[in-house]
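Hello,

Please find the structure below, as agreed. My notes come after it.

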Amino acid sequence: MPIEVILPKVDMDMDDGIITEWKVAPGDRVRQGQILFDIETNKSVMEVESPASGVIRDLAPITGEPVAVGTVVGWIDADAEAGASSAAAAERTRTTSPSAAKADIDHPTSSPEPAASVEAASVAPSDSIRATPLARRAARMLDVNLADVAGSGPAGRIVEKDVAAHAGPAPKSAVASADRLVPFNPVRRIVAQRLAESARSAPHFFVSAHIEMSGLQAALRHPGGQQSPDRARPSMTVALAYLASRVLALHPLLNASIEGEAVRLHPGVNIGVAIDDQGDLFVPVLRDASTHTLYDLAREFARLRAAVRARQIVPDDMRGGTFTISNLGMYGVDAFTAIINPPESAILAIGRTTDTPVGRDGRVVLRPMATFTLSSDHRIVDGVTAARFIADLREAIEHPEGLS
Amino acid sequence: MAIAPGNRTTAAQAPERPELAALGDDALRVALSRMHLIRKFEETAEASYMRGLIHGTMHLSIGQEASAVGATLELARDDYILSTHRGHGHCIAKGADPARMFAEFFGKENGYCRGRGGSMHIADIEGGNLGANGIVAGGLPIAVGVGMSIKAQKQHRVCMVFFGDGAANEGAFHESLNMASIWRLPIVFVCENNKYGMSMDIARAMAVANVADRAPAYAMPGIAIDGNDLPAVVAAARPAIELARRGGGPTLLECKTYRLRGHSKSDRNLYRSKEEIEAWRDKDAIRRLERELIAHGRFAEAELLAIEQAAQRTIDDALEFAKASPDPDPAQLTRDVYAD
Amino acid sequence: MPTELVVPEAGTRELSYAEAIREGLAQAMQADERVFLFGEDVGVYGGAFGVSGDLFHKFGPERVIDTPISELGIAGAAVGAAITGMKPVLELQFSDFVTLAMEQIVNQAAKIHFMFGGKATVPMVVRLPGGSGTGAAAQHSQSLEAWFAHVPGLKVVQPSTPHDAKGLLLAAIDDPNPVLIFEHKLLYKTKGPVPEEAYRVPIGKAAVRRAGRDLTIVGSSIMAIRAVAAAARLAGENIDAEVIDLRSLRPIDLTTIAASVRKTHRLLIVYEGVKIMGIGAEISAMIAESDAFDFLDAPIARLGGADVPLPYNPVLEKAAVPQEDDIVAAARRLVREGRA
C-alpha cells in the first residue's frame with residue numbers, strides 16, 4: 001500500500017515551505033529515515049526524512065513556490081517484491097540460528113558469522129547503505145557519496161576508513177591538482193541568498209567611530225554591581241551587545257525593519273550576535289536584551305554558543321532579531337563594513353582593540369582604541385540618525401557606569 | 001442536669017477511677033481538643049475526598065482517636081514517633097498543624113511534604129513525627145535505629161512507634177522487637193489492634209489471641225488495654241514511657257480499638273457486619289470520655305462544647321488554607337531526590 | 001580533607017583493599033563520633049571477609065556492633081539512626097542478602113528525603129561484598145548493583161583498587177544520601193598504594209586507567225582490573241585501548257565515557273552483572289543518545305555475566321563471567337572486524 005510523503009511542519013508558525021532540492025530520484029529505493037529532500041522555511045533549511053522504506057515516485061517538481069504544510073509531494077511503494085523476499089530471507093537466517101545467538105550470550109568469543117554472511121548474500125547490492133555514524137559524518141564533511149564507497153565492515157558496512165580511502169589523499173603538493181567543486185551546505189545556501197538580497201536592495205551607508213575601550217575593559221575586569229551567581233565573566237562581545245541594546249532603546253529607527261513603504265518599529269531589542277563555527281555562520285539572538293542584566297545576557301549567550309557548537313541550535317534561537325553585531329577583532333581585523341542582516345535596518349561591525357596614539361589634553365598618549373562601523377539602510381536611516389546612535393554608543397562604552 | 005461550670009458538685013458521685021484521677025484538667029482539655037481535631041479532620045478529609053478534591057486514597061482512623069491521643073499525651077516535643085499509613089491521628093496528636101496537613105493531602109507546595117508525600121507519607125520532622133509509612137511494619141526497624149541513635153547520643157528521648165495488628169505478623173516486627181530488647185532501646189511499641197488487616201480478621205491471621213501475648217517472647221513487658229478508653233491508654237503508656245526514658249528498655253502496648261470506616265476509600269466493608277460496626281460506634285471514645293467527665297463534675301457541658309467547637313473552627317480554617325495553597329511547579333519535579 | 005582526585009605518589013605504602021577499608025573506617029570513626037559500624041559478625045569476629053579486623057578492640061562494642069541475623073531489621077535501623085543524627089555504616093555480609101533488606105533500602109532510605117519534601121536526610125552507608133569466583137555458588141556470588149542503580153535517591157559505587165576503596169568509603173560517609181558500596185570479594189587481598197591521610201574519591205567521577213586511541217573499554221570493580229590487564233596484552237597486538245574505571249554507577253560519569261568514545265570511535269563495556277538489562281545496556285543507550293553517537297565507527301559491544309545462576313563448579317563459574325581472555329578477544333573483534 002503506497003505511503004504518502006508530505007511536506008511536514010518543521011517550525012513554529014509555519015504554514016508552508018519551499019522544496020529546494022530532492023536528494024532522491026523517482027524509482028529510487030529509499031530507506032525509512034533516509035533524507036529525501038530539503039525544505040526552506042523563513043530562517044533555515046531543514047532536511048526531511050523518509051517515513052518508510054520502499055520505492056519512491058511521483059516527486060513534486062521544484063518550482064521555488066511555497067507548498068502548504070501537509071501537501072503530498074511524493075509516494076513510496078513500501079517494499080516491492082524483491083525487497084520483501086530479501087528482508088524475509090534475512091529474518092529467516094536470524095531466527096534459524098539460535099545456537100549462534102546463544103553462543104553469543106554464553107561465550108562472547110564466538111561470533112554470529114554464519115547469519116551475517118547469509119544475510120549479505122541474499123540482499124541485493126543496490127539495497128540500503130550500511131555505514132557507521134562516523135563514516136556518514138566523514139562522508140558529509142569530505143563530500144563523498146556513500147553509494148560510491150565500498151564497505152569493509154561486516155555485511156559490507158562502510159566504516160570511516162573506507163570513506164577516507166575513497167576521498168583520496170588531500171592535495172598537499174605545491175602544484176594544484178584539479179578544481180574541487182563543493183556544493184553549498186544548507187547553512188551556506190541560506191546565508192548566500194539572504195545577504196545577496198540585502199546587498200541588492202538595501203542602500204548601505206557606513207558611519208565609523210574610534211572608541212576608547214579602557215573604561216569597559218576595566219569594568220569587565222572588576223565588575224561592580226551584582227556579582228554573577230555562576231561567576232561567568234562576560235566577554236567583550238556580550239558587554240557590547242548589552243550596551244548597544246540600551247542605546248538602541250533610544251534610537252528606534254536602528255531597531256526597525258522596512259516593510260514596503262513603511263517602517264516597522266520593534267518594541268523589544270533582540271540583538272543577534274554573529275558566530276562562526278567550523279566555517280558556518282550563525283546569528284543567535286539575545287532576546288529583549290535591553291531588559292536583561294549583563295550577567296543574564298552572558299549566561300544566555302554561553303548557552304547559545306554551546307548550542308551552536310553542538311549543532312543543536314534551533315530556528316527559534318535565531319529568529320526575531322532586530323539588530324546584529326559582528327566582532328572580528330579577535331581575528332586581528334582593524335575595521336570592516338558589514339552587510340545588513342535582513343530585515344533589520346542596521347548592523348554594527350567591531351574591529352580589534354589596540355593601543356593607538358590619540359590626542360588628550362594637548363598631548364599624544366596611547367589608549368586602547370577600537371573602530372566601530374555601523375552599516376545602515378538609507379531607506380529608513382539618515383546620516384544624522386546613524387551619527388547620533390554612534391555618538392551615544394561611544395558615550396555608553398567610554399563611560400560604562402555601574403555595569404550590572 | 002445543670003452543673004455550674006467548673007464546679008465539682010457534691011451530689012452522689014462515684015469516685016473517679018485512678019486512671020482519670022491521674023489526669024489534670026489541663027491535660028484533659030488538651031486530650032479532648034486533640035481527639036476532636038482528629039475526628040473532625042478525618043471527617044472533613046473524607047468529605048473533601050468524596051467531592052473529588054483529594055487525589056489517591058486515604059486511610060481514616062475515625063474511632064481510634066483515644067489510642068493516638070492517649071499514647072502520645074505524655075510524650076515530650078522532642079520525643080519521636082513513627083506512624084503507619086493510617087497516621088493522620090498520630091500526626092495531629094503529636095502537635096502537627098492541621099492546615100499544613102490538609103495542604104499536604106491536597107498535594108500543595110506548602111504541605112508538610114511539599115505535596116510530594118501525601119496522606120500515607122505525612123511527616124512533621126520538627127515536631128518529632130518521623131513519618132507515616134506506606135509499608136506495613138515499615139516503621140518498626142526504623143524505630144530500632146532511632147533508639148540506637150538516642151542511646152549513642154546519650155539523649156533522654158523516647159521513640160514511640162505505632163503499628164497495626166497486621167504488622168505484628170511481618171518479619172520486621174519480630175526482628176525489631178528482638179533487637180530493641182537485646183539492646184534495651186528506649187522504644188514504646190504501640191500496636192493499634194483494630195481487628196482487621198485490610199479484610200482479614202486478626203483472629204484468622206494470628207496464632208495468639210493478643211499481640212501483647214508476644215511480648216514475653218522478646219523479654220519485654222506487654223499489656224493489652226481498651227484502646228477506646230483514653231484515661232486507660234494514658235495510664236498504660238505512662239510507665240512504658242518512663243521505663244524507656246530511664247534506660248529500662250522497650251514495652252509492647254496493645255490498644256484494642258476499631259476503625260469505623262473501611263481500610264481505605266475503596267473498601268466496601270464486605271468482611272464485617274453492619275451490626276459489628278454499630279456496636280463499636282456506641283463505644284465511641286470521645287462521647288464516652290465526655291460523659292464520664294460530666295458525671296464526675298470535671299467539666300460542664302458548655303465547656304466541652306466549646307472545646308469541640310474550637311476544634312471545628314480550626315479544621316474549617318485549615319481546609320480553607322489548603323484550598324488556597326499553591327500547587328507545586330512541575331519544573332521542580334526532581335528537586336529533593338538527593339540532598340546536597 | 002582533599003576532595004579532588006588523588007593519585008598516590010610514588011613510594012606511597014601499600015595496603016590491601018580490605019586493610020584500606022578498615023583504615024578508612026577507623027579514620028572516619030576517629031574523626032566523627034556519629035559514625036558507627038554494624039552488621040553480622042563485624043565485631044568480635046572481625047568481619048566475614050576480615051575487613052573490620054581489630055576495629056572492635058579499638059572502638060568498643062558501642063561503635064562496632066554485632067547484630068542478630070536480621071537484614072531487614074538492621075537495614076531499617078540504619079535508616080532510623082541516620083535520620084536522627086547518626087552516620088551508620090552497615091555491612092551486609094554477602095551482597096546477595098540485600099534481597100532481605102530491599103524494603104528498607106528501596107522504599108524507605110531512597111525515598112524519605114523526597115517524600116518528606118526535603119525535610120529529613122538519610123546519610124547512611126551500606127557495604128556489600130559481592131561477585132563470584134570463590135565457589136560460593138548461586139546465592140552467595142551475585143552482582144546486583146544494577147538493581148540499585150535503577151532507584152532514584154540512592155547512590156551506588158564500586159571501588160576497584162585499595163586507594164579507591166578507602167577514598168570512596170570516606171566520600172560515602174560524608175555524603176548526606178544513602179550510598180551503597182559494592183566491594184568485590186576477589187579484590188579484598190589485592191594490594192595497592194594508599195595514602196596515609198584521610199582523602200575522598202569523588203562520587204560520580206570515573207577514572208581513566210589507561211589512555212588509548214583505538215577503542216574505549218569501560219568496566220567497574222574487578223572488570224576494570226581485568227580490562228587494564230587485557231589492554232596491556234592488546235598493546236602487544238598493536239591495539240591501543242583506553243580503559244575507563246567507572247567507580248560510580250549512580251551517578252555515572254557519562255561525560256568521561258562520551259569524550260573517550262568521541263576520540264576512539266569504539267566502545268566495549270565489561271561488567272560482571274548479568275548481561276541483559278544491566279549497566280551495559282544503560283551505558284550503550286546513553287552513548288547512543290549522546291553526541292558521541294556520530295563518532296561511533298562500530299556497534300557498541302558488551303561483555304556481561306551469563307544468563308545463568310552462578311554455578312558451583314569452578315570451570316563453569318569462570319565461564320559464567322567475563323575473564324581477561326574474553327576482554328582481549330572482544331576488543332580484537334571490535335577493532336579488527338568492526339563487530340560487537
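The notes cover one sheet in chain B and then some salt bridges.

This is a predicted model, in which local features need pLDDT of at least 70 and side-chain atom pairs count only at pLDDT 80 or more, while totals for chains, interfaces and linings use all residues. Residues are numbered from 1 along each chain as its sequence is written, chains are lettered from A and ligands numbered from 1 in the order written, and side-chain values use heavy atoms, without hydrogens and water.

Sheet. Chain B has an open sheet of five strands in the order 1-2-3-5-4, paired in parallel (strands are DSSP E runs of at least two residues, helices H or I runs of at least four, both numbered from the N terminus; two strands pair if DSSP finds at least two bridges between them). Strand 1 (80–82) and strand 4 (222–226) of chain B are at the edges with a single partner strand each, so one side of each has no neighbour in the sheet. Strand 2 (159–164) and strand 3 (187–193) of chain B pair over six bridges; Val161(B) has Phe189(B) as its bridge partner.

Salt bridges (a side-chain nitrogen of Lys or Arg within 4 Å of a carboxyl oxygen of Asp or Glu). The whole structure has 64 over all chains. One of them joins Asp226(B) and Arg288(B) at 2.7 Å, N to O. Asp226(B) is in strand 4 and Arg288(B) in helix 11 (285–295) of chain B, so the pair ties together parts 62 residues apart in sequence. Both belong to a salt-bridge network with Arg17(B), Asp229(B) and Glu292(B).

Regards
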